[in-house]
Amino acid sequence: VQLQASGGGLVQAGDSLKLSCAASGRTFSRYTMAWFRQAPGKEREFVAAISWSGGRYYGDSVKGRFTISRDNANTVYLQMNSLKPEDTAVYYCAATASPIVVVTTSYDSWGQGTQVTVSS
């Protein structure tokens, strides 16, 4: 069971970036997949989640700017628009079968993280 996140990079404030997370090892079609982020010295923060039925959930700080999607059973994306310096963090994808999607403890599969840096 592996999750591989990619797509991070260095961008300027106001730019867009799209992250991808590919799952392998088992089918995640019945799982909620999510993105979390962690900035230096801060706790891991919920960003967005998408359930197997297509329900979407967003953290307050990214609502209206980020969009989560999944194109098949095993890939999830995070489209990030209007990026701000405070979005700078390592972004992690994760998967869960739990109905509670906003806390890290619900997730038992994690990707390795991809760095997103937004300069002002």
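I take buried to mean under 20% relative accessible area. With that cut-off, I find both phenylalanine 36 and tyrosine 107 buried. I am working on a predicted model.

**Entry 1: aromatic pairs**

I searched the whole structure for aromatic pairs and got five. I opened the pair of phenylalanine 36 and phenylalanine 46. Their ring centres are 5.6 Å apart and their planes stand at 75 degrees. Planes over 60 degrees apart count as edge-to-face, so I logged the pair of phenylalanine 36 and phenylalanine 46 as edge-to-face.

Where do phenylalanine 36 and phenylalanine 46 lie? I placed phenylalanine 36 in strand β4 (residues 32-38) and phenylalanine 46 in strand β5 (residues 45-50). The pair therefore ties together parts that are 10 residues apart in sequence. I checked burial too: phenylalanine 36 is buried, and so is phenylalanine 46.

Next I looked up phenylalanine 36 with tyrosine 107. This aromatic pair is also edge-to-face. I read 5.1 Å centre to centre and 80 degrees between the planes. Phenylalanine 36 sits in strand β4, but tyrosine 107 is in the loop between β9 and β10, so this pair ties together parts that are 71 residues apart in sequence.

Which residues form the aromatic cluster? I listed Phe36, Phe46, Tyr92, Tyr107 and Trp110 as one cluster.

**Entry 2: serine 106**

I moved on to serine 106. I found this residue in the loop between β9 (89-96) and β10 (109-110). Is serine 106 buried or exposed? Its relative accessibility is 16%. The cut-off for buried is under 20%, so serine 106 counts as buried.

I then asked what serine 106 touches, leaving out residues up to four places away in sequence. The contacts are Thr96, Ser98 and Ile100. For threonine 96 I also took the C-alpha separation from serine 106: 6.3 Å, with the two residues 10 apart along the chain. For isoleucine 100 I found a polar contact. The side chain of serine 106 reaches the backbone oxygen of isoleucine 100 at 2.8 Å.

**Entry 3: a surface patch**

Isoleucine 100 came up again when I looked at the surface. I noted a nonpolar patch made by Ile100, Val102 and Val103. Its area is about 240 Å².

I picked valine 102 from this patch for a closer look. Valine 102 lies in the loop between β9 and β10. Its relative accessibility is 46%. Partly exposed falls between 20% and 50%, so I recorded valine 102 as partly exposed.

Terms used:
Residues numbered from 1 in each chain as written. Predicted model: local features only at pLDDT ≥ 70, side-chain atom pairs only at ≥ 80, totals over all residues. Heavy atoms only, no water. Helix = DSSP H or I, 4+ residues; strand = E, 2+ residues; numbered from the N terminus. Buried < 20%, exposed > 50% of the residue type's maximum accessible area, 1.4 Å probe, protein only. Contact = heavy atoms within 4.5 Å. Polar contact = N/O pair within 3.5 Å; in protein donor to acceptor, adjacent residues only side chain to side chain. Patch = residues over 30% accessible without salt bridge, like charges linked within 9 Å, V, L, I, M, F, W, Y side chains within 5 Å. Areas by Shrake-Rupley, 256 points an atom, 1.4 Å probe, with all protein chains shown as cover. Salt bridge = Lys/Arg side-chain N within 4 Å of Asp/Glu carboxyl O. Phe/Tyr/Trp six-rings, centres within 6.5 Å; stacked < 30°, edge-to-face > 60°.
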